[in-house]
Amino acid sequence: MNKTGTQRLETERLILRPFVPADAEDMYRNWASDPEVTKFLTWPTHRSVDISRMVLSDWVPQYGDGGYFNWAMESRENGQVIGNIAVVKLREDTAAADMGYCMGRAYWGKGLMPEALKAVMAYLFGTVGLNRVAACHDANNPKSGRVMEKAGMKPEGVLRQAGKNNQGLCDEVWHAALRDEWEKEGVAL
Ligand SMILES: CC(C)(COP(=O)(O)OP(=O)(O)OC[C@H]1O[C@@H](n2cnc3c(N)ncnc32)[C@H](O)[C@@H]1OP(=O)(O)O)[C@@H](O)C(=O)NCCC(=O)NCCS
């Protein structure tokens with residue numbers, strides 16, 4: 001595994017880059033303050049921009065660690081940071097990552113998260129050299145499962161009441177892609 005960290009990635013409509021402290025306002029306004037966005041997430045909705053500032057003051061120093069992968073999603077259209085895509089768990093022994101992502105409601109339904117996830121997976125498989133990239137969603141949040149499928153992950157199964165989020169205990173629906181399979185299938189970026 002190559003610990004190359006959160007490098008800048010570009011897609012048709014997005015710039016994926018490390019967060020900077022000045023992103024706090026966009027983070028708060030565009031997604032972290034919205035209970036509809038955090039409905040199926042594990043962290044509480046931010047009650048003020050100070051909470052977003054605090055979160056970023058925890059994240060930003062971690063970019064010095066090449067095993068830290070956490071991208072701000074910047075819209076090319078308006079220059080705002082509209083969401084976040086990150087490795088939430090990394091296993092070096094199996095070269096495997098679990099992903100998490102969220103984005104402001106105004107940007108839903110345009111295929112932006114699949115676009116981001118595909119670019120991040122290409123980087124994690126191609127540059128970092130991971131073997132497996134996985135993600136799970138609450139069974140009551142199937143639109144996240146669509147993101148996984150569009151990015152080329154395959155369904156693996158359901159872990160009953162294995163997760164806990166802002167709705168309480170939840171069934172986790174898992175998807176994953178393996179490097180060989182994903183590269184062979186040639187997911188269009
Ligand atoms: C889940 C999420 C990342 C989807 O990203 P996205 O860029 O909107 O993804 P897509 O545009 O590919 O849409 C995915 C599905 O969302 C649903 N959807 C589309 N437009 C929608 C809208 N305006 N409002 C709600 N859902 C919508 C559809 O079911 C769609 O699937 P389809 O393309 O087969 O019709 C985004 O909704 C989000 O950030 N949600 C809140 C945080 C979250 O749940 N994160 C995942 C935790 S596991």
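**Figure 1. The shell around the ligand in this predicted model draws on β5, α4 and α5**. Each of these three elements, β5 (96–103), α4 (112–126) and α5 (142–150), supplies at least two residues of the shell. The largest share comes from α5, which gives 5 residues. In total, 20 residues surround the ligand, and the closest are W108, G109, M113, H137 and K143. Sorted by class, the shell holds 11 nonpolar, 5 polar and 4 charged residues.

**Figure 2. A closer look at helix α4, one of the elements that supply the ligand shell**. With 15 residues, α4 reaches 21 Å from its first C-alpha to its last, close to the 21 Å expected at 1.5 Å a residue. If you follow the helix from its start, you will meet the buried residues L112, M113, E115, A116 and L117. Further along α4 come A119, V120, M121, L124 and F125, which are buried too. Do look out for M113, which is among the residues closest to the ligand. F125 will also return in a later view, where it is touched by R179.

**Figure 3. Helices α1 and α3 meet in a right-handed crossing**. Two packed helices are described by the angle between their axes and the distance between the axes. Here the axes of α1 (residues 24–32) and α3 (residues 49–59) come within 8 Å and cross at roughly 115°. On the α1 side, the contact is made by A24, E25, M27, Y28 and A32. Their partners in α3 are V49, S52, R53 and L56. By class, this contact has 6 nonpolar, 1 polar and 2 charged residues.

**Figure 4. R179 in helix α6 touches F125, L130 and N131**. The helix itself covers residues 179–185. Leaving aside residues up to four places away in sequence, R179 has F125, L130 and N131 as its contacts. Of these, F125 is one of the buried residues of α4. R179 counts as partly exposed because it has 17 C-beta neighbours inside 10 Å. For a sense of distance, compare R179 with T42: they are 137 residues apart along the chain, and their C-alpha atoms are separated by 28 Å.

**Figure 5. Strand β7 carries L159 and Q161**. The strand runs over residues 154–165. L159 touches D171, E172 and W174, not counting residues up to four places away in sequence. The C-alpha atoms of L159 and D171 are separated by 5.7 Å, although these residues are 12 apart along the chain. L159 has 14 C-beta neighbours inside 10 Å, so this residue counts as partly exposed. Q161, in the same strand, is exposed because 11 other C-beta atoms lie within 10 Å. The backbone of Q161 deserves a look as well: phi is near 50°, a positive value in a residue other than glycine.

**Figure 6. A95 sits in the loop between β4 and β5 with a positive phi**. The phi of A95 is about 50°, although this residue is not a glycine. The loop follows β4 (81–91) and leads to β5, a strand that supplies at least two residues of the ligand shell. With 17 C-beta neighbours inside 10 Å, A95 counts as partly exposed.

**Figure 7. Two more loop positions, A22 and G66**. A22 is found in the loop between β2 (14–18) and α1. A22 counts as exposed because it has 10 C-beta neighbours inside 10 Å. Computed along the sequence, A22 and P44 are 22 residues apart, while in space they are 21 Å apart, C-alpha to C-alpha. G66 lies in the loop between α3 and β3 (70–75). G66 has 14 C-beta neighbours inside 10 Å and therefore counts as partly exposed. Setting aside residues up to four places away in sequence, G66 touches K3, T4 and G5. By contrast, G66 and E115 are 23 Å apart in space, C-alpha to C-alpha, and 49 residues apart in sequence. E115 is one of the buried residues of α4, the helix shown in the second view.

Notes:
Residues numbered from 1 in each chain as written. Predicted model: local features only at pLDDT ≥ 70, side-chain atom pairs only at ≥ 80, totals over all residues. Near = placed C-beta within 6 Å. Helix = DSSP H or I, 4+ residues; strand = E, 2+ residues; numbered from the N terminus. Nonpolar A, V, L, I, M, F, W, Y, C, P; charged D, E, K, R; others polar. Axes fitted to C-alpha atoms, helices over the stretch in contact; angles between N-to-C directions. Left-handed = near helix turned anticlockwise from the far one by under 90°. Contact = placed C-beta atoms within 7 Å. Expected span 1.5 Å × (residues − 1). Buried ≥ 20, exposed ≤ 12 C-beta atoms within 10 Å, placed from the backbone.
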